[in-house]
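Here are a few exercises to work through with a viewer open. Try each task yourself before reading its solution.

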Amino acid sequence: MDTKAHSNEPQPFDLHDQYSTDAKCGYASDVKTAARMMRGIKACAAVLATERPETLELGDYIRSGLISAIDELAFAVICELDDLSKTVKALKPQSER
């Protein structure tokens with residue numbers, strides 16, 4: 001029985017578990033890059049969200065690095081999705097555009 005899913009306590013982010021879950025979704029190869037970048041954003045956000053004075057204090061250098069990574073990954077995902085959108089539109093028949 002998976003007690004992790006039924007606990008009322010917040011659970012730490014498990015990147016391996018998230019990757020396994022995403023891999024089981026059967027993403028098309030065209031969206032794997034965007035999914036990988038989104039996992040990176042989620043991992044950075046999880047580290048930032050765990051910062052508490054009593055448990056974890058990130059230095060300014062690490063914090064700003066994680067925020068910059070989120071910004072760069074988000075921009076890359078937007079570009080990737082724009083490219084995918086153009087590809088999908090190009091493949092659709094003229095009547096469906």
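The exercises below concern this predicted model and go from the overall fold to single residues.

**Exercise 1. Describe the secondary structure and the burial of the chain.**

Step 1: Start with the elements. The chain has 4 helices and 0 strands, and reads α-α-α-α along the sequence.

Step 2: Turn to burial. Of the 97 residues, 14% count as buried. The accessible surface comes to about 7,700 Å², with 58% of it belonging to carbon and sulfur atoms.

Step 3: Look at the contacts. Among those between residues at least 6 apart in sequence, 54% join residues at least 24 apart.

**Exercise 2. Check the span of helix H4 against the value expected from its number of residues.**

Step 1: Helix H4 covers residues 60–91, which is 32 residues.

Step 2: The expected span is 1.5 Å times one less than the number of residues, so H4 should span 46 Å.

Step 3: The end C-alpha atoms of H4 are 46 Å apart, which agrees with the expectation.

Step 4: For the side chains, note that Leu 66, Val 77 and Leu 84 are buried in H4.

**Exercise 3. Find the surroundings of Met 37, and decide whether Met 37 is buried or exposed.**

Step 1: Met 37 sits in helix H3, residues 29–49.

Step 2: Its relative accessible area is 14%. Buried means under 20%, so Met 37 is buried.

Step 3: Beyond its neighbours within four places in sequence, Met 37 is in contact with Leu 73, Ala 76, Val 77 and Glu 80.

Step 4: Take Leu 73 from that list. Met 37 and Leu 73 are 36 residues apart in sequence, yet their C-alpha atoms are 5.8 Å apart.

**Exercise 4. Trace the salt bridges: which residues are linked in a network?**

Step 1: Count them. The structure holds 2 salt bridges.

Step 2: In one, Glu 51 pairs with Arg 63, with the closest N and O atoms 2.7 Å apart. This pair links distant parts of the chain, as Glu 51 lies in the loop between H3 and H4 and Arg 63 in helix H4, 12 residues apart.

Step 3: Arg 63 also forms a salt bridge with Asp 60, with closest N and O atoms 2.8 Å apart. These two are 3 residues apart in helix H4, so about one helical turn separates them.

Step 4: Compare exposure. Glu 51 is partly exposed at 21%, Arg 63 is partly exposed at 25%, and Asp 60 is exposed at 60%.

Step 5: Put the pairs together: Glu 51, Asp 60 and Arg 63 are linked in a network of salt bridges.

Notes:
Residues numbered from 1 in each chain as written. Predicted model: local features only at pLDDT ≥ 70, side-chain atom pairs only at ≥ 80, totals over all residues. Heavy atoms only, no water. Buried < 20%, exposed > 50% of the residue type's maximum accessible area, 1.4 Å probe, protein only. Contact = heavy atoms within 4.5 Å. Areas by Shrake-Rupley, 256 points an atom, 1.4 Å probe, with all protein chains shown as cover. Salt bridge = Lys/Arg side-chain N within 4 Å of Asp/Glu carboxyl O.
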